[in-house]
Amino acid sequence: MSKTTAYGGDSPSENFETPTLDRESPTLLQSISEHGGYAYVRMAAVAASGDIRAAEAVREMAWEQLHSGPWHSVLPVWRDAYSMACLHVAKHHYGNGELKEALRALDMGIIMGGSLLRKDLDSAVDMVSEKARMLRVSDGNNQSFGNSEHQLVDREFDVSKVLKLLPVKSLASKLVVKRSALSLEKFLKDHYLAGSPVIISDCMAHWPAKKNWNNIDYLLRVAGDRTVPVEVGKNYLCADWKQELVTFSEFLERIRSHGCSPGGPTYLAQHPLFDQINELRKDIFIPDYCFAGGGELRSLNAWFGPAGTVTPLHHDPHHNILAQVSKRFLCTTE
């Protein structure tokens, strides 16, 4: 006999709301049906009533569609279908007090799902994360911050070792100039319009990230239970290179172990981390230099990895401003 569980336990107030899903569900299911998802639609009705096995089944159906061909050829409706299934799964786990499992389901919906239900996913993440923090406080597991023993980067940066990892003559080009407190006018005239790279110093001292992101306790508190995509291997040109989905806490542990993992260094690369984890987004500010050319911000991504991580030589389609927050964390705007 199948088991149906009411979302939110005995108290309906403990359930997170999904107003967009409630409003768009009939239209979305109709669209899924029109694209051959009859079995998904039938099972989704059962999942909506709280049946975890049905919720897992529809998530698996949508997952198969996401992997039915090249990513660019996946129909948007199946990405939204995956988000819907993730919300059903997350509601079940949340109702049972399984907060980590609920967060993982929501993160998967954010990472792999479509945009239709993004507001529901984001608001649910906020609610589940806040409840998890409250439980840690009530259980006496709230950690103190600022302890130097809990720094993420706890040893000096050995430049000589890094230079050995770079290709021969990779630094043989003309010297890149370094400027402090560079004005927007000088940046635009001498570098942006001239196509000349520049290192700008002393313009990130006010970022909370400069302090917060080297504190492993802080990172665990705001993002430890979140799921993120990472790359495993020396670089993406290697035959054994692969991608994984891991919790941020597991990723930090690999960093603390100097990148050690069965498949090689673990690297969080070119991921819109700040769209996914709002607490980290609050720790940075978009540099004014990004708007000096009169254009719009194209993307905001994060690179986070151990010493020895190398990105092969390549060309990006847009101008970049790379902001090195610490010896482990780099964010870029395009």
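**Exercise 1. How enclosed is helix α5?**

Work out how many of the 14 residues of α5 are buried, and what this says about the place of the helix in the structure.

*Solution.* Eleven of the 14 residues of α5 are buried, so the helix is largely enclosed by the rest of the structure. The model is a predicted one, and the cut-off needed for this step is that a residue counts as buried when its relative accessible area is under 20%. The buried residues are L99, A102, L103, A105, L106, D107, M108, G109, I110, I111 and M112. The next step is to look for what lies over them, and the cover includes helices α3, α4, α6 (118-138) and α12 (273-276), together with strands β3 (227-232) and β4 (242-247). As for its dimensions, α5 runs over residues 99-112 and reaches 20 Å from its first C-alpha to its last, which is close to the 20 Å expected at 1.5 Å a residue. For the setting, the protein comes to 13 helices and eight strands, and buried residues make up 41% of its 334 residues.

**Exercise 2. How do α3 and α4 lie against each other?**

Decide whether α3 is roughly parallel or antiparallel to α4, and then describe the residues that meet between the two helices.

*Solution.* Begin with the geometry: the axes of α3 (residues 52-66) and α4 (residues 76-95) come within 8 Å and cross at roughly 155°. That angle makes α3 roughly antiparallel to α4, because angles over 145 degrees are counted in this way. The crossing in which α3 passes α4 is left-handed. Turning to the residues, α3 brings I52, A55, E56, V58, R59, A62, W63, Q65 and L66, while α4 brings W78, R79, A81, Y82, A85, C86, H88, V89, H92 and H93. Sorted by class, this contact has twelve nonpolar, four polar and three charged residues.

One of these residues, R59, can be followed further, since R59 lies in α3 and counts as buried at 19% relative accessibility. Leaving out residues up to four places away in sequence, R59 touches Y82, A85, C86, V89 and A105. Among these partners, A105 is one of the buried residues of α5.

**Exercise 3. How do α10 and α11 compare with the definition of antiparallel?**

Find the angle at which α10 and α11 pack, and name the residues through which they meet.

*Solution.* Helix α10 (residues 216-223) and helix α11 (residues 248-256) pack at an angle of about 160°, and their axes are 9 Å apart. The two helices are therefore roughly antiparallel to each other. In this pair, α10 passes α11 in a right-handed crossing. The residues that meet are I216, L219, L220 and A223 from α10, and F248, S249, L252 and R256 from α11. By class, the contact has six nonpolar, one polar and one charged residues.

**Exercise 4. What surrounds two buried residues?**

For L121, find which residues it touches, leaving aside those up to four places away in sequence, and do likewise for T20.

*Solution.* L121 is found in helix α6, and it is buried, with a relative accessible area of 0%. Its partners are S83, L87, L106, G109 and I110. L121 and S83 are 38 residues apart in sequence, yet their C-alpha atoms are 8.0 Å apart in space. The second residue, T20, is found in helix α1 (residues 19-34) and is buried as well, with a relative accessible area of 9%. T20 is in contact with S25, L116, L117, K119 and D120. For the protein as a whole, among contacts between residues at least 6 apart in sequence, 68% join residues at least 24 apart.

**Exercise 5. Where does phi turn positive?**

Locate A181 and Q270 in the structure, and state whether A181 and Q270 are buried or exposed.

*Solution.* Most residues other than glycine have a negative phi. Against that background, phi of A181 is near 50°, and Q270 has a positive phi of about 50° although it is not a glycine. A181 is found in the loop between β1 (177-180) and α8 (184-192), whereas Q270 is found in strand β5 (residues 266-271). A181 is exposed, with a relative accessible area of 65%, and Q270 is exposed with 53%.

Key:
Residues numbered from 1 in each chain as written. Predicted model: local features only at pLDDT ≥ 70, side-chain atom pairs only at ≥ 80, totals over all residues. Heavy atoms only, no water. Axes fitted to C-alpha atoms, helices over the stretch in contact; angles between N-to-C directions. Helix = DSSP H or I, 4+ residues; strand = E, 2+ residues; numbered from the N terminus. Parallel < 35°, antiparallel > 145°, perpendicular 65-115°, else oblique. Left-handed = near helix turned anticlockwise from the far one by under 90°. Contact = heavy atoms within 4.5 Å. Nonpolar A, V, L, I, M, F, W, Y, C, P; charged D, E, K, R; others polar. Buried < 20%, exposed > 50% of the residue type's maximum accessible area, 1.4 Å probe, protein only. Expected span 1.5 Å × (residues − 1).
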